[in-house]
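Biologist: I have not looked at this protein before. Please show it, and then I will ask about its parts.

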Amino acid sequence: MSDTKFVDAKLNDTRKKVYVFGHKNPDTDSTCAAITYSYLKNQVDGEKVYIPAVLGDISAESSFALEYFGVEKPVKIDSLKPRVSDMVLEKVEPVHITDPIQDVVQKIVTTEGKTLPVVDEHERLMGVISITDLVPALISLRQKNYMRKMEVPFRNLLKVLQLTKIQGSLDEDTFRGSVYIFNDLTYYQRISRNGLIICNRHEYGKGFIFSLEPRYIIVADVEDPSMLETAPGYDGVVFTSVKNIYELVQALNLALPVYDLVKKENLEYFTLSEDVEDVRKNMLTSRYRRFPVVDEHGIVAGMISRSSLMDINLKEVILVDHNERGQSIDGIETNRILEVIDHHRIADFQTMAPLYYRSEPVGSTNTIICKIYREKGIKIPRAMAGLMLSGILSDTLIFNSPTSTPEDRQLAEQLAEIAGVNLYEYGRLMISKGENLADTEPKTIIERDMKKFTMGKYRVSVSQVNVGDIEAFYKIFDRLFDELESTCRENGFDLAVLMLTSLVAGGTELLAAGEAKWLAEVAFGLEKGRMHIFKKGMFSRKKQVVPRLMEAAYM
Ligand SMILES: [Mn+2]
């Protein structure tokens, strides 16, 4: 097994991702087509990165083909519904709980929506703040509240009060204590421990201030700190500020950490992985306008508002080997379908915009993809040749299926040469690696690849499985019939058909159950009272089974 990587989508690849995938219950044609077409697109379009994907577990047959040619499994996806991460987030710089109110006010007035997320010391969301939450702090400036006990990081004081330390050392990060204006103090007054006194230059010179034993002193109105004499006997900390006393009192309030003003209760926020549909519902019933978005660690990724709902990066996809909504991923209609490459009938297909649609009545999607390689002059690497070949051989049951065309065979021969394998030997080996279904539950066998049809007034299901050896199934026929009957009852079908198709036996063992079993009697010559019949040369559900049942139903 080689370690060749055919898609190199790095995590930090900023190119737009396009997912390429086939139908649910992926078969080998679907799985290989996703890979071979992604490879082709990555050769011709460097602007985007094309990622092969599957909508379910890949089969044993497909796994064999991938391993044989040394290709990685496609990624498995189960939903493409738009998520918050697909929305255009407003980039914001969150407020930290210890940030001074002054900084927050300055930041918020220039912020759209006047609301910002608030984060703790680990950068995790803990609340939001809007301009209205800040109003009380601005109004309280008029009150004479500077004597109260305060708790402010020195970082905030230094910045907002524009302090310069000229003496002493700061042993703590946070100031915890009361603030006094020297002029307001009397000779009889004591100050509390850890107190801070604000004075002017003239007052600072006097011995009385030191006798009060303040822990901190701020000398106001000092343009040049070097002009101030140090106080040799004082062991507290002395700062100067260019601000005057009045400005310092104002600034004290603005240096307070924003913490107390932050709205922390009933916090409404969204995570990147949430469905946009859920977000829409929540937003419409919320009284807020703007909401923080966090990642899986609670770290703020941005903000969204109602208008963000209009601005969603649609996912881009390419469908191969299918075009029906029911066979595709949930939420396919909300994505931008760029292309469809398919060889099935066109069913309930609607798109919002024009697209590149290529459909040809050939035996396999990989036949069409091989033609596109040729048309675009893209060199086919061995592994891609091997996978295209695998898709063709699997879908046409090595050209036995009536859906097979001369073109399938001709291209398969060329691909086998590039892949360096003998077409028939490789094909039989690959198909023999298919699951040994005889060991699985009858319900799984029936439901694995079951298609539903309405034929006139009848509801019909036709399941098909490829088996190596039909003999192995004879011993579980009774259980298969019972399960087919319950499939009819539980789903309200009139007829349930199961095709056990075998390349080795050269045909299909066809089982039928349900009230309208006579449809199968008419269509396939199934004897009354019998429940199964072997049809030599029968390989195709869409060409040999469905049309005949239709005829019978409309007789
Ligand atoms: Mn196919």
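Modeller: Two strands pair if DSSP finds at least two bridges between them, and strands are DSSP runs (E, at least two residues) numbered from the N terminus, as are helices (H or I, at least four). This is a predicted model: local features need pLDDT of at least 70, side-chain atom pairs count only at pLDDT 80 or more, and totals for chains, interfaces and linings use all residues. Residues are numbered from 1 along each chain as its sequence is written.

Biologist: Which residue in S11 is the bridge partner of leucine 196?

Modeller: Strand S10 (residues 196–199) pairs with S11 in the parallel sense, over four bridges. S11 also pairs in the parallel sense with strand S12 (residues 237–241), where valine 237 stands opposite the residue you ask about. The partner of leucine 196 is tyrosine 216.

Biologist: Which helix gives the most to the largest nonpolar core?

Modeller: A nonpolar core is a set of buried Ala, Val, Leu, Ile, Met, Phe, Trp, Tyr and Cys residues joined through C-beta atoms within 7 Å; buried means that 20 or more other C-beta atoms, placed from the backbone, lie within 10 Å of a residue's own. The largest such core has 58 residues, and Val20 and Met388 have the most contacts inside it. Eight of its residues come from helix H11 (residues 382–395).

Biologist: Why does this core lie between domain 1 and domain 2?

Modeller: The domain bounds come from an automatic or database domain assignment. The core lies between them because residues are given to it by both domain 1 (16–82 + 315–432) and domain 2 (437–553).

Terms used:
Buried ≥ 20, exposed ≤ 12 C-beta atoms within 10 Å, placed from the backbone.
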